[in-house]
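Thanks for sharing this one. Here is the entry, followed by a few notes to read alongside it.

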Amino acid sequence: MNGVFYVVGIGPGDPELLTLKAARILAACPVLVVPKGHEHGASTALAIVKGALPLAGKEIIEVHFPMRKIRMNAGPDPEVEAAWRRAALAILDRTRQGLDVAFPTLGDPAIYSTGFYTCQTLLELAPENQAVVVPGVSAIGACAAAAGIPLCQGDDMLAVVPATFDNQRLTEVFASFQTVVLMKVHRVMGRIVELLTGLNLLSRAVLVERSDQGGRERVVRDLAALGPGELHYFSTIIVRTR
Ligand SMILES: C[S@@+](CC[C@H](N)C(=O)[O-])C[C@H]1O[C@@H](n2cnc3c(N)ncnc32)[C@H](O)[C@@H]1O
């Protein structure tokens with residue numbers, strides 16, 4: 001019988017934010033396929049898992065996923081698609097030997113996650129293979145908690161968008177939602193600060209960098225004071241528009 005493929009949300013960084021279910025499945029799987037953003041760098045997901053449970057005796061397969069913008073209506077970048085396929089084939093090779101495989105992914109797998117793309121690619125190649133998605137604590141909730149603010153109250157509406165949207169699209173989102181979470185802000189911070197200033201929303205924005213990542217968390221409430229180019233990839237802005 002084929003092994004099961006698990007996409008496991010592992011939270012924003014603190015191993016204590018791994019769910020009991022995630023820890024149980026990761027401990028039980030003999031194979032872990034772990035994503036990394038830089039070919040020669042370390043896997044953040046693997047570091048988080050290592051902080052939560054012993055990995056001795058497991059096969060660890062590191063797969064490099066290039067960081068590229070993915071537009072669903074434009075088709076994926078060929079290099080990114082090749083990485084999803086490489087990961088899916090490595091997983092299938094193990095599940096066809098009857099081994100269960102886990103793919104730990106940061107935060108929750110349902111939110112901008114490589115794990116979900118890999119799962120979809122695997123099911124295209126082998127629809128008969130069982131795949132299970134295990135939810136995790138998303139950076140969205142973790143950043144709100146770090147900032148000490150709610151995401152929604154009463155009849156508030158929440159939007160979660162990439163900060164890389166153009167200004168017109170972002171302006172429409174700010175006009176329609178009471179709370180806007182901007183992910184992937186690190187490369188476009190200057191433009192976002194300008195836009196928020198123009199919309200009179202700068203004082204309503206808070207940035208959380210490296211939430212729950214071992215004492216490196218930073219909560220910034222004065223975005224204008226941030227220097228250029230100093231943000232980590234793990235940075236999120238929450239704007240309460242009203
Ligand atoms: C590709 S998305 C992955 C989101 C993830 N699946 C989740 O549910 O949190 C990466 C973006 O999530 C946000 N992010 C992830 N971890 C974070 C953390 N520990 N602190 C702040 N933002 C984080 C950043 O905006 C980052 O650019």
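The points below go from the domains to the ligand, then to one helix and one loop residue.

1. A reminder before anything else: this is a predicted model. The domain assignment divides the chain into domain 1 (5-134) and domain 2 (139-240). Their C-alpha centres are 27 Å apart.

2. Where the two domains meet, 8 residues of domain 1 are in contact with 10 residues of domain 2. On the domain 1 side, the touching residues comprise 4 nonpolar, 2 polar and 2 charged ones.

3. Where does the ligand lie with respect to the two domains? Domain 1 and domain 2 both contribute residues to the shell around the ligand, so the ligand lies between them.

4. It is worth looking at that shell in your viewer. There are 22 residues around the ligand, and G107, S138, A139, M183 and S211 come nearest. Two elements, α5 (139-147) and β10 (235-240), each give two or more residues to the shell. Sorted by class, the shell has 10 nonpolar, 8 polar and 4 charged residues.

5. Next, helix α3, which covers residues 78-95. Does its length fit the number of residues, or not? At 1.5 Å a residue, its 18 residues should span 26 Å, and the C-alpha atoms at its ends are 25 Å apart, which agrees.

6. Which residues of α3 are buried? They are A83, W84, A87, A88, I91, R94 and T95. These residues cover an arc of only 130° around the axis, which puts them on the same side of α3. The spacing makes sense: an α-helix has 3.6 residues a turn, so residues three or four places apart point the same way.

7. What do the buried residues of α3 pack against? Their partners are the strands β1 (5-9), β2 (31-36), β3 (59-64) and β4 (101-105), together with helix α4 (114-125). The face of α3 turned away from this buried side carries P78 and E79, which are exposed.

8. Last, please have a look at K184, in the loop between β7 (179-183) and α7 (189-198). Its C-beta atom has 18 C-beta neighbours inside 10 Å; buried would need 20 or more and exposed 12 or fewer, so K184 counts as partly exposed.

9. K184 also has partners from elsewhere in the chain. Leaving out residues up to four places away in sequence, K184 touches P162, A163 and T164. K184 and T236 are 52 residues apart in sequence, yet their C-alpha atoms are 6.6 Å apart in space.

Technical notes. Residues are numbered from 1 along each chain as its sequence is written. This is a predicted model: local features need pLDDT of at least 70, side-chain atom pairs count only at pLDDT 80 or more; totals for chains, interfaces and linings use all residues. Helices (H or I, at least four residues) and strands (E, at least two) are DSSP runs, numbered from the N terminus. The expected span of a helix is 1.5 Å times one less than its number of residues. The arc is that of the directions from the helix axis to the C-beta atoms. Two residues are in contact if their C-beta atoms, placed from the backbone, lie within 7 Å. A residue is near a molecule or strand if its C-beta atom, placed from the backbone, lies within 6 Å of it. Ala, Val, Leu, Ile, Met, Phe, Trp, Tyr, Cys and Pro count as nonpolar, Asp, Glu, Lys and Arg as charged, and the others, Gly among them, as polar. Domain bounds come from an automatic or database domain assignment.
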